[in-house]
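Dear colleague,

Please find below the structure that I am handing over to you. My notes on what was found in it follow.

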Amino acid sequence: MKTKRVALYARVSTDSQTTENQLLQLRTVAERHAWVIVAEYIDNGVSGAKGRDQRPQFDALLKGVARREFDLVAAWSVDRLARSLTDLLGMLLDLQAKKVDLYLHQQALDTSTPMGKAMFQLCGVFAELERSIIQERVKAGLERAKAKGVTLGRPRASAKVEARIRELAAQGMGKQKIAKTLGVGVSPTQRVLA
């Protein structure tokens, strides 16, 4: 049986807290399972509600997942990874795509076991369901807005601006220069000249 390479992730929300308790328990679990710890990622004083871009060690962890630097990510608790279901499910899908397992100590979830894999797949089902529900709500909102006569999309350029776009194009000016001259985007200029 191949030895598992594991990355530990620990996080605390304030600088007055410590990650040592989390790491101590995770190291003990790794030793008990004969996992080889290849990396430890620690975010100190960072809220779990922050996105990946504001959690440097979490970002580094996910880059390690993408490069398949380890077989398993271990965290003390699910709330150390994410505070929203959407963020958590996104991470789970990233792990699943790279065939990297997840161990959560407090929840006793280990996706390397058959039961853990089943739970992992259920999370994926719920993520897909959530996406579908959101899509349906957005479609219903757009249809309601259309029914009320709301014009969707960006506002059109005024007739005066459209006439000026055509005039400048007739003089041989390019689309980007027209847009810059009139202070409008290139897309409206392209639409008028199409």
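**Aromatic pairs**

Tyr-41 is buried, with a relative accessible area of 9% (buried is under 20%, exposed over 50%, partly exposed in between; 1.4 Å probe, protein chains only). Please note that this is a predicted model, in which local features need pLDDT of at least 70 and side-chain atom pairs pLDDT 80 or more, whereas totals for chains, interfaces and linings use all residues. Residues are numbered from 1 along each chain as its sequence is written, and side-chain values use heavy atoms, without hydrogens and water.

Rings of Phe, Tyr and Trp (its six-membered ring) pair if their centres lie within 6.5 Å, with planes under 30 degrees apart taken as stacked, over 60 as edge-to-face and the rest as tilted. Under this rule there are three aromatic pairs. One of them joins Tyr-9 and Phe-58: the ring centres are 5.5 Å apart and the planes stand at 65°, so the pair is edge-to-face. Tyr-9 belongs to strand 1 (residues 5-11) and Phe-58 to helix 2 (residues 56-66), so that distant parts of the chain, 49 residues apart, are linked (helices, H or I of at least four residues, and strands, E of at least two, are DSSP runs numbered from the N terminus). Both partners are away from the surface: Tyr-9 is buried at a relative accessible area of 0%, and Phe-58 is buried at 7%.

A further pair is formed by Tyr-41 and Phe-70, whose ring centres are 6.2 Å apart and whose planes are at 65°, so this pair too is edge-to-face. Tyr-41 lies in strand 2 (residues 36-43) and Phe-70 in the loop between helix 2 and strand 3 (72-75), so the pair ties together parts that are 29 residues apart in sequence. Phe-70 is buried as well, with 1% relative accessibility.

Phe-58 has another partner, since the charged end of Arg-55 sits over its ring, 4.1 Å from the ring centre (this requires NZ of Lys or CZ of Arg within 6 Å of the centre and within 35 degrees of the ring normal).

**Helix 2 and its surroundings**

Phe-58 is also one of the buried residues of helix 2, together with Asp-59, Leu-61, Leu-62, Gly-64 and Val-65. These buried residues pack against strand 1, strand 2, strand 3, helix 3 (78-81) and helix 4 (85-97), contact being heavy atoms within 4.5 Å.

With helix 4 the axes come within 9 Å and cross at roughly 30° (axes are lines fitted to C-alpha atoms, for helices over the stretch in contact, and angles run from 0 to 180 degrees between N-to-C directions). Helix 2 and helix 4 are therefore roughly parallel to each other (under 35 degrees; over 145 is roughly antiparallel, 65 to 115 roughly perpendicular, the rest oblique). Phe-58, Leu-61, Leu-62 and Val-65 of helix 2 make this contact with Met-91, Asp-94 and Leu-95 of helix 4.

Arg-68 comes just after helix 2 and takes a positive phi of about 60°. Arg-68 is placed in the loop between helix 2 and strand 3, where it is partly exposed at 33% relative accessibility.

Ala-34, which is not a glycine either, likewise has a positive phi, near 60°. Ala-34 occupies the loop between helix 1 (20-33) and strand 2, and it is exposed, with 52% relative accessibility.

**Helices 6 and 8**

Helix 6 (residues 159-170) packs against helix 8 (residues 186-193) at an angle of about 75°, with 10 Å between the axes. The two helices, 6 and 8, are therefore roughly perpendicular to each other. Helix 6 contributes Glu-162, Ile-165, Arg-166 and Ala-169 to the contact, and helix 8 contributes Thr-189, Arg-191, Val-192 and Leu-193.

**Two further residues**

Met-173 is found in the loop between helix 6 and helix 7 (175-182) and is partly exposed at 25% relative accessibility. Leaving aside residues up to four places away in sequence, Met-173 touches Leu-168, Ile-178 and Thr-181. Its C-alpha atom is separated by 47 Å from that of Thr-86, 87 residues apart along the chain.

Gln-135 is part of helix 5 (residues 114-147) and is partly exposed, with a relative accessible area of 47%. Between Gln-135 and Gly-149, 14 residues apart in sequence, the C-alpha to C-alpha distance is 21 Å.

With kind regards
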